[in-house]
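User: I am new to this structure and would like a close look at how its helices and strands pack together. Please keep to one connected account.

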Amino acid sequence: MEKSKSILIVAGEASGDQHAAYLVKEIKRLDANVVFWGLGGDRLAAEGIPVRTDLVSLAVIGFSEVLKHLSTIRAVYKQLLSDIDRKKPDIAILVDYPGFNLQLAKELKKRAIPVIYYVSPQVWAWGKGRVKTIRDTVSRMIVFFPFEETLYRQNRIPVSFVGHPSLDQVRPGKTAQEFRSIFSLDPSKRTIGLLPGSRQKEVKTLLPVMLETARLISQDCASRVQFIVLAAPSVPADMISSIVKEHGVPVTIVNNMTYDGIAASDFCLVCSGTATLETGILGTPMVILYKVNFLTWLYLRLLIKIPYIGLVNVVAGKKISEEFIQYDAQPRAIASYCKAVLTNTTRLASLRKDLETMKRALGDKGASARAAQAVMEFLR
């Protein structure tokens with residue numbers, strides 16, 4: 001009897017864990033005998049994969065945050081290499097998380113284990129020096145955006161463009177009316193969603209900015225607006241409630257209903273990342289916020305080579321959602337912009353039209369299934 005194929009999978013961010021879980025599900029549809037193991041988060045674990053370490057809980061940004069977790073990450077990495085030598089996987093699927101995964105790809109290359117890289121590092125924005133590492137260590141890139149396919153082909157790196165999985169994944173389970181009813185929201189008021197991020201550090205930094213912005217908007221429009229905080233499952237609920245309580249701004253906290261909340265919102269304040277794309281796919285106009293510590297910002301300013309950081313703007317090739325980044329992320333400026341947009345129905349309609357055009361640029365549905373087919377080529 002033929003031995004079952006073994007796949008190592010490593011995902012280290014909440015969004016990567018989600019994309020990885022959908023990919024695993026599609027691969028199992030094609031071959032139920034494939035054995036998965038590795039590192040990830042709750043979503044991979046929910047697919048029945050033995051996850052030795054929850055990397056998502058260690059997801060950090062910036063130098064100081066990395067240093068705090070460095071000894072733990074090193075220990076996890078060392079143990080993983082030991083597991084690889086013992087289990088000898090047939091292939092490895094590395095999902096985003098380039099600081100960890102590109103180093104791991106070098107070790108896998110030494111062991112002649114084919115590496116499939118799923119969810120490209122943002123080499124088109126910064127870190128182009130990583131392209132050589134990818135060329136030397138990765139057997140195939142599986143990418144979400146057409147411009148990524150172009151970049152890798154130009155650099156002679158095997159690549160498959162599959163479209164974006166969020167087109168399949170981002171679906172509200174409730175109508176806007178049902179959602180408002182569940183949370184006793186006033187249908188006559190505009191609903192503004194606050195999405196402060198999936199990392200604890202992001203939430204600690206951005207949620208206070210969003211709440212202060214909400215307070216300023218309410219000063220002029222209290223009778224016409226209401227706010228909801230759409231909390232990521234990777235962030236402790238008590239952290240969210242504590243920050244909200246500290247700022248004393250009337251908001252409704254929503255857990256585990258992010259897509260429903262975005263779809264029911266008239267406008268959103270969104271932490272830069274995958275959430276901007278998800279908000280765009282659902283057609284909700286937004287502003288994009290981001291802040292990091294001073295040293296990290298200095299470093300990123302040297303590396304970032306594109307004019308925008310929000311994924312909806314990158315995909316669109318122009319600024320369709322306003323960005324308030326680092327020192328520009330000031331509540332007064334954000335509130336002023338939001339009030340101007342919310343009182344201009346023509347402007348809101350134009351933003352929704354731009355988001356629909358952006359959505360079409362992401363390709364067709366079925367990305368995870370196409371990615372699974374690309375993976376299976378390495379198992380035959």
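Analyst: Axes here are lines fitted to C-alpha atoms, for helices over the stretch in contact, and angles run from 0 to 180 degrees between N-to-C directions. Helices (H or I, at least four residues) and strands (E, at least two) are DSSP runs, numbered from the N terminus. The model is predicted, with local features needing pLDDT of at least 70 and side-chain atom pairs counted only at pLDDT 80 or more, while totals for chains, interfaces and linings use all residues. Residues are numbered from 1 along each chain as its sequence is written, and side-chain values use heavy atoms, with hydrogens and water left out.

A pair of helices is the starting point. The axes of helix H4 (residues 98-110) and helix H5 (130-137) come within 9 Å and cross at roughly 35 degrees. Their crossing is left-handed (the near helix is turned anticlockwise from the far one by less than a right angle; clockwise would be right-handed). On the H4 side, Pro98, Gly99, Leu102, Ala105, Lys106 and Lys109 take part; they meet Arg130, Thr133, Ile134, Asp136 and Thr137 of H5. Contact means heavy atoms within 4.5 Å.

H5 also packs against the buried residues of helix H6, as do strand E6 (140-143) and strand E7 (159-161). Buried means under 20% relative accessible area, exposed over 50%, and partly exposed in between (1.4 Å probe, protein chains only). In H6 (residues 146-154) the buried residues are Glu148, Leu151 and Tyr152. They lie on the same side of H6 because they cover an arc of only 90 degrees around its axis, taken from the directions from the helix axis to the C-beta atoms. Arg153 and Gln154, on the other side of H6, are exposed. After the helix comes Arg156, which has a positive phi, near 60 degrees.

The strands beside H6 lead to a run of pairings. Two strands pair if DSSP finds at least two bridges between them. Strand E5 (residues 115-118) is paired with E6 in the parallel sense over three bridges, and Tyr118 has Ile142 as its bridge partner in E6. E6 is in turn paired with E7, again parallel and over three bridges; here Val143 is matched with Phe161 of E7.

Tyr118 also touches His19, a residue of helix H1 (residues 14-30). With a relative accessible area of 3%, His19 is buried. Leaving aside neighbours within four places in sequence, the other contacts of His19 are Val119, Phe144, His164, Pro165, Ser166 and Gln169.

Tyr118 has a further role in the largest nonpolar core. Such a core is a set of buried Ala, Val, Leu, Ile, Met, Phe, Trp, Tyr and Cys residues joined through side-chain atoms within 4.5 Å. This one has 53 residues, of which Ile27, Ile93, Tyr118 and Leu277 touch the most other members. Helix H17 (residues 367-376) gives the most to the core, with six residues. With neighbours within four places in sequence left aside, Ile27 is in contact with Val34, Phe36, Ile93, Ala372, Val375 and Met376. Another core lies apart from this one and has 41 residues, including Leu211, Val287, Ala329 and Val341.

Next comes a separate set of strands. An open sheet is formed by six strands in the order E10-E9-E8-E11-E12-E13, with parallel pairing. Strand E10 (252-255) and strand E13 (322-325) are at the edges, each pairing on one side only. From one strand to the next, the twist averages 20 degrees.

Strand E8 (residues 190-195) is mostly covered, with five of its six residues buried. Five bridges join E8 to strand E9 (residues 225-231), and Thr191 is partnered by Gln226 in E9. Four bridges join E8 to strand E11 (residues 267-271); there the partner of Ile192 is Phe267. Another four bridges link E11 to strand E12 (residues 286-290), where Leu269 stands opposite Val287.

Helix H9 (residues 200-221) packs on this sheet and touches E8, E9, E11 and E12; its direction makes about 170 degrees with that of E9. Helix H15 (residues 331-342) also packs on the sheet, touching E8, E11, E12 and E13, and its direction makes about 150 degrees with that of E11.

Ser272 sits in the loop between E11 and helix H12 (274-281). Ser272 counts as buried because its relative accessibility is 14%. Not counting residues up to four places away in sequence, Ser272 touches Ile288, Leu289, Tyr290, Ile309 and Gly310.
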